[in-house]
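Colleague: I'm new to this one and would like a close look at a single part of it. Could you pick a spot and walk me through its surroundings?

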Amino acid sequence: ARARAEVVGFETLLAGKKTAAARPYSPKQTYAVDEVVDHPLFGRGFVSAVRDGGKVEITFRSDVKLLVHGR
């Protein structure tokens, strides 16, 4: 029998992060995993991965986006 995947809501994922320290997103800034950001178009999200080549994966309520940072 295969294990069922558990779906965890965005609010639950965000609840464990430091939302009071959220920064506005800017491609000039650098970000770390679990850091909370406020994007002007996508809203509030958190960094779910830092990738090579100056990119971060940010999980927003509606989608996961790959954005630049540290440029």
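Modeller: Here is a walk from the whole chain down to one histidine, H39, and then along the strands beside it. Keep in mind that this is a predicted model.

Let's get our bearings first. The chain has one helix and five strands, and from the N terminus on they come in the order α-β-β-β-β-β. If you box up the C-alpha atoms along the principal axes, you get roughly 45 × 30 × 20 Å. Of the 71 residues in the chain, 27% are buried. The chain exposes about 5000 Å², with carbon and sulfur atoms supplying 52% of that.

Now zoom in on H39. You'll find H39 in strand β2, which covers residues 36–39. Is H39 buried or exposed? H39 counts as buried because its relative accessibility is 14%, and the cut-off for buried is under 20%. The side chain of H39 also has a polar partner: it reaches the backbone nitrogen of F42 at 3.2 Å. And what does H39 touch once you leave aside its neighbours within four places in sequence? The answer is Y25, F60 and L67.

Two of those names lead us on to other strands. Take F60, which belongs to strand β4, residues 55–60. This strand is mostly covered, with five of its six residues buried. On one side, β4 pairs with strand β3 (residues 43–51) in the antiparallel sense, over six bridges. Within that pairing, F60 has G45 standing opposite, so to speak, as its partner across the strands. β3 and β4 make a hairpin with three residues between the strands, and in this hairpin G53 takes a positive phi near 85 degrees.

The other contact to follow is L67, which falls in strand β5, residues 64–68. β5 pairs with β4 as well, again in the antiparallel sense, this time over five bridges. Here T59 of β4 stands opposite V64 in β5. These two strands also form a hairpin, with three residues between them.

So, back to where we began: H39 sits in β2, is buried, and has F60 and L67 among its contacts. Follow F60 and you are in β4, a strand that pairs with β3 and with β5.

Definitions and conventions. Residues are numbered from 1 along each chain as its sequence is written. This is a predicted model: local features need pLDDT of at least 70, side-chain atom pairs count only at pLDDT 80 or more; totals for chains, interfaces and linings use all residues. Side-chain values use heavy atoms; hydrogens and water are left out. Helices (H or I, at least four residues) and strands (E, at least two) are DSSP runs, numbered from the N terminus. Buried means under 20% relative accessible area, exposed over 50%, partly exposed in between (1.4 Å probe, protein chains only). A polar contact is a pair of N or O atoms within 3.5 Å; within protein, one must be able to donate a hydrogen and the other to accept it, and residues adjacent in sequence count only if both atoms are side-chain atoms. Contact means heavy atoms within 4.5 Å. Two strands pair if DSSP finds at least two bridges between them. Accessible areas come from the Shrake-Rupley method with a 1.4 Å probe; for residues, only the protein chains shown count as cover.
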